[in-house]
Amino acid sequence: MDQILRAIRESAAAEGVTRVKTVALVVGRRSGALPDALRFAFEVLTAGGEAGDGDADGSGDGSAADETARLFRGARLIIEEPPVRARCRRCGLEYGEDDGDAATNWAFLCPRCGAGAPEFISGRELRVEFYEGE
Amino acid sequence: MKIKLARDILKANDQLADGFRRRLGELGVLSVNLIGSPGSGKTSLLERTLENLGGLRAAVIEGDIATALDAERIERKGAPAVQVNTEGACHLDANMVIDAAEELDLARLDLLFVENVGNLVCPAGWDLGEDLKVVVASVTEGDEKPRKYPAIFERAAACVLNKVDLLPHVDFDLERFKRDAGVLNPDMTVMLLSAKEGTGVPEWVDWLKTKLAEKRSR
């Protein structure tokens with residue numbers, strides 16, 4: 001999350017944005033990242049920054065943490081979670097996590113021919129889509 | 001104002017890793033990222049490897065949350081070692097590896113081993129500029145590791161199954177382990193090895209030599 005906010009901070013500086021209102025992420029269901037953990041980190045990293053505070057980490061040094069808190073004060077986090085879609089390398093079938101027996105299909109095998117190690121079409125995304133600010 | 005970024009969160013890391021991979025490519029150095037649970041025997045495997053490399057020159061970058069114990073073990077085998085302490089982080093990233101490599105004379109190497117922080121989860125997602133990821137598992141951990149941690153098995157070029165000298169004493173279904181690993185990644189080479197007794201080490205070293213020769217002939 002620190003890297004996400006840093007990327008937005010750099011972009012905001014270049015675009016002249018001083019206040020970020022919305023951050024939109026795409027976090028695939030097989031990306032390895034946990035949306036709940038990201039929400040929690042977002043909350044923690046953007047906390048503080050109240051008007052006239054300007055010292056989010058109590059360091060009194062106008063650090064990056066203070067800057068982040070000011071820029072993101074009250075911002076909303078939206079997370080889109082694309083489902084997992086795969087294409088079988090053997091028979092070409094396109095399938096999703098609800099096809100076949102999802103509960104026992106730990107290796108995401110092809111529901112038609114049983115082959116493993118498919119090509120993943122979606123579900124591994126981990127990116128900042130956009131942010132809104134002024 | 002809506003600003004489209006569409007930026008991959010790991011892109012900064014991946015760009016650094018690609019640059020490092022190109023540099024190693026120009027120097028003809030094969031880089032291997034070893035990933036496994038704490039106690040699976042990654043450092044023991046490296047010690048055995050260094051004893052059996054023949055004339056090949058190798059160096060090791062050691063990743064741990066704390067201590068320089070592993071780098072000290074490597075140096076006792078006569079190989080250059082750099083210890084990275086992540087101070088809490090559960091994996092190495094490309095930046096840490098590139099910084100550590102500053103301490104090494106890469107042009108004089110054939111092989112660069114990176115021993116990742118003991119963890120089967122996070123290290124799988126971080127490209128360190130390596131040519132090959134190798135997952136180190138051991139029979140004392142149980143045979144369900146591929147099922148529980150598929151991401152690393154999907155991405156590894158080889159799996160070293162360590163501590164096979166203990167097979168008679170533990171409940172480890174070798175066929176199940178091999179079958180599950182093969183389902184996740186049919187291209188992965190599975191090697192049975194005992195770092196303690198040395199069985200399987202020649203095959204592992206031959207595999208490394210083959211990969212090095214393949215890289216240099218490209």
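Ring pairs link Tyr95(A), Phe108(A) and Phe120(A) into a cluster; Phe, Tyr and Trp rings (the six-membered ring for Trp) pair if their centres lie within 6.5 Å, with planes under 30 degrees apart stacked, over 60 edge-to-face and the rest tilted. The model is predicted: local features need pLDDT of at least 70 and side-chain atom pairs pLDDT 80 or more, while totals for chains, interfaces and linings use all residues. Residues are numbered from 1 along each chain as written, chains are lettered from A in the order written, and side-chain values use heavy atoms, without hydrogens and water.

**Exercise 1.** Classify the pair of Tyr95(A) and Phe108(A), and place both residues.

*Solution.* Step one is the geometry: the centres are 5.4 Å apart and the planes 25° apart, and the pair is stacked. Step two is the location: Tyr95(A) lies in strand E4 (residues 94–96) and Phe108(A) in the loop between E4 and strand E5 (119–122), so the pair ties together parts 13 residues apart in sequence. Strands (E, at least two residues) and helices (H or I, at least four) are DSSP runs, numbered from the N terminus. Step three is the burial: Tyr95(A) and Phe108(A) are both buried (under 20% relative accessible area; exposed is over 50%, partly exposed in between; 1.4 Å probe, protein chains only).

**Exercise 2.** Find the charges that sit over the rings of Phe108(A) and Phe130(A).

*Solution.* The criterion is NZ of Lys or CZ of Arg within 6 Å of the ring centre and within 35 degrees of the ring normal. Over the face of Phe108(A) lies Arg30(A), at 5.8 Å from the ring centre. For Phe130(A), the charged end of Lys2(B) sits over the ring, 4.1 Å from its centre.

**Exercise 3.** Describe the surroundings of Ser194(B).

*Solution.* First, the place: Ser194(B) is in the loop between strand E8 (189–192) and helix H8 (201–217) of chain B. Next, the accessibility: Ser194(B) counts as buried because its relative accessibility is 0%. Then the polar contact: a polar atom of the Ser194(B) side chain lies 3.0 Å from the backbone nitrogen of Glu197(B). Last, the contacts (heavy atoms within 4.5 Å): leaving aside neighbours within four places in sequence, the partners of Ser194(B) include Asn162(B), Asp165(B) and Thr199(B).

Note on methods
Polar contact = N/O pair within 3.5 Å; in protein donor to acceptor, adjacent residues only side chain to side chain.
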